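Could you walk me through this structure one selection at a time? I have the viewer open and would like to know what to click on next and what is there.

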Amino acid sequence: NYHSVVLPKELAKQHPEMITQFGYQMFHWPLWDEGGIRTMLDSFEYGYSMNRAVHVWNTGMMRSDFRNFSMSWCFQCHSTLISMMRHYVPDPLFSVVIPCHNQARYVIEALVTVSAQSFPNWEIILVDDKSPDGCGMLAQDFAARGGLGPGNEHRLKVLTSPINHGLAESRNLGIKAARGVWICALDADDKLGPNYFFDAAHEMTLQPELQLIYSNQKFFQDSDWVWPVSKFETGSAMVRGPLPVMSLYLKSLWQQVGGYSSALPWGNEDYDFWLNVLAIGAKSKKLSGNQVFYRFKKDSMMRAGDAYGEEERAMLRSRHLDLYHTAKLLRDHRLIMTMANATRQRLLRLQGVATVSAEDKAFGVFWMALSDLHEGRFAEALQGFRQVLKVERLQWQPALYEALTVCRLQGRAASAPMLRKLTQRFPRLNTTGEFQRHDRNCQASA
C-alpha cells in the first residue's frame, strides 16, 4: 500500500526532524478477528474497489483474486489471517514462563493449555530447575512429537539449570530469555483457559496503556472453589494475595520492579512481586470469567508453609514499608522475632545460594538478627543489624534495632543519641505507641 506505508517511510527518511518512525512492536492491532477489524475501521466495510489505485499486485492472477476483496474474505482461510498478523503483531506477543521441579506428571497438561490458545502468537520458556524427573526432556519430546500443534515445536524453549534455584529465580531466568512483549508466569501444575490470550489481546487493543491483565481463578483437583479476584488496588492487596500468579504483565514491568525476590523462606514471591507492581501504579484490567486454573494440592509447598504463614507475612510486610502503618510493622517485627526454627533454617540456606541477590540476603540477615535479639544473643543481633544498615530498602528498621540492642548491652545513655537521630530522620517512628513500648522495654531490660 503505497500511500499508507511506502510514502510515509520515504518522507520520514527525508525529514527525520519532523517524522519519527516506530516499529510495530510499539503499535500493533492484536485483535485480528472480524469484530476487531470492524472496531478498527469503525464499522466501515473495507472494499478493494474503494482503494484500488494504491494496491499493486504482482500478477494478473492476484488482481483477479483480490478484485472483490473485503475484510470478511480474510476470515475464510486461517492461514491468511495468520499471514496478516505476522506483519502487524509481534510473534511471540505472549511468553509463558514455566519453572519445573518434580512436576513432570503435570507439565504436559500445562503445555497443552498454552498450545490450545485461540490467539496464536505465544512461546513457552520451560525452566528445568534441576528436576530429578526430567521434566525438561519430557516437554521437548512432547513438542517434537507434535504435541504443541503442527509446526509449533519451535515455540518451546527449554532452559536446563545445573542447580536448583527455586521458583522465584527460575521465573527470572525464564523471563530474561523471553522474547514476548507480555509475560505469563505459569506454574507447571496449573492451567490456562483457551481464550485467555485472545481476551487479553482484545483489552490491549481497546486500552493500549495497560500493563497488567488478570481474571478470576478457579481451583481444581482437591478443591473447586472460585477465587473472585478483587480490583487490583492498595486496600485489597494489603490484606491478602492480590492476584493469581499467572496474571499477564508487560516484560518491561518485570524489569521496572526488579523481578521476583528469593528473600521469603516459604514462597509468596508472587505476592511480593504484585506489591512491588502496586507501588509503581501499573495500569490494570480485569477480564470477565474464570480464565486461569490453580491446582489445589493438600500436600503442596504452600500447604507445608501454612504453619509458618503469620511470620512469613510479617516478613513480607517488612519489605513494603510505604504500604503499611509503622505500628503494624513494629508488631510484625515481634512476630518475626519468634520465628520457628524451620523458618530460620530456610533463611540460613538462602544465605548460601549464589543466585540470591545481596538485597534479598540482607533481609534474611535482618530477620535472623531479630530472632537473635529475642533469644538474648545480643552480640550476634548487633552484628546482623550493623551488617545491613546501608541497605536502602530496609530504611529505618536495622537502625532502630541496632539502637535497642545497644541499649540492652550498654544502657540507655549509649542508645538515646542513636534513637534521637533516628526519629529526626524518620518522624513517623516517634508518633506510634508501639515504638514507645519498644523504648520502655529497652530501658527496663537495661
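Begin by selecting G309, E311, E312, A314, M315, L316 and R317: these are the buried residues of α14. The helix they belong to spans residues 309-317, and it is mostly covered, with seven of its nine residues buried. Keep in mind as you go that this is a predicted model.

**Stop two: W367 and the core**

Leave M315 highlighted and add W367. Leaving aside neighbours within four places in sequence, W367 is in contact with M315, and also with A263, L264, S318, R319, I336, M339 and L347. W367 is also a good way into the largest nonpolar core, which has 106 residues. Select F94, F197, Y249 and Y401 as well: together with W367, they touch the most other members of that core. Which helix gives the most to this core? It is α17, with nine residues.

**Stop three: S261**

Now move to S261, in the loop that runs between α11 (251-257) and α12 (269-279). Is S261 buried or exposed? Its relative accessibility is 8%, under the 20% cut-off, so S261 counts as buried.

Show the surroundings of S261 next. Not counting residues up to four places away in sequence, S261 touches A168, E269, D272, R319 and D360. R319 deserves a closer look, since you have already met R319 among the contacts of W367. The side chains of S261 and R319 make a polar contact at 3.2 Å. The side chain of S261 also reaches the backbone nitrogen of A263, at 3.0 Å. For a view along the sequence, add N172: S261 and N172 are 89 residues apart in the chain, while their C-alpha atoms are 9.0 Å apart in space.

**Stop four: the salt bridges**

How many salt bridges does the structure hold? There are 16, and three of them make up the next part of the tour.

Select R295 and E109 to begin. They form a salt bridge whose closest N and O atoms are 3.1 Å apart. R295 lies in strand β9 (residues 284-296) and E109 in helix α6 (residues 104-115), so this pair ties together parts that are 186 residues apart in sequence. Colour the two by accessibility if your viewer allows it. R295 is buried, with a relative accessible area of 6%, whereas E109 is partly exposed, at 33%.

Go on to D189 and K297, whose side chains meet in a salt bridge at 2.2 Å, N to O. D189 is in the loop between β4 (182-185) and β5 (191-192), and K297 is in the loop between β9 and α13 (301-305); the two residues are 108 apart and link distant parts of the chain. Both partners are buried: D189 has a relative accessible area of 9%, and K297 has 7%.

For the last pair, pick E359 and R393. Their side chains meet in a salt bridge at 3.6 Å, N to O. This pair again links distant parts of the chain, with E359 in helix α17 (residues 358-374) and R393 in the loop between α18 (378-387) and α19 (397-410), 34 residues apart. E359 counts as partly exposed, at 33% relative accessibility.

To finish, select E109, K191 and R295 together: salt bridges that share partners join these residues into one network.

How values were computed
Residues are numbered from 1 along each chain as its sequence is written. This is a predicted model: local features need pLDDT of at least 70, side-chain atom pairs count only at pLDDT 80 or more; totals for chains, interfaces and linings use all residues. Side-chain values use heavy atoms; hydrogens and water are left out. Helices (H or I, at least four residues) and strands (E, at least two) are DSSP runs, numbered from the N terminus. Buried means under 20% relative accessible area, exposed over 50%, partly exposed in between (1.4 Å probe, protein chains only). Contact means heavy atoms within 4.5 Å. A polar contact is a pair of N or O atoms within 3.5 Å; within protein, one must be able to donate a hydrogen and the other to accept it, and residues adjacent in sequence count only if both atoms are side-chain atoms. A salt bridge is a side-chain nitrogen of Lys or Arg within 4 Å of a carboxyl oxygen of Asp or Glu. A nonpolar core is a set of buried Ala, Val, Leu, Ile, Met, Phe, Trp, Tyr and Cys residues joined through side-chain atoms within 4.5 Å.
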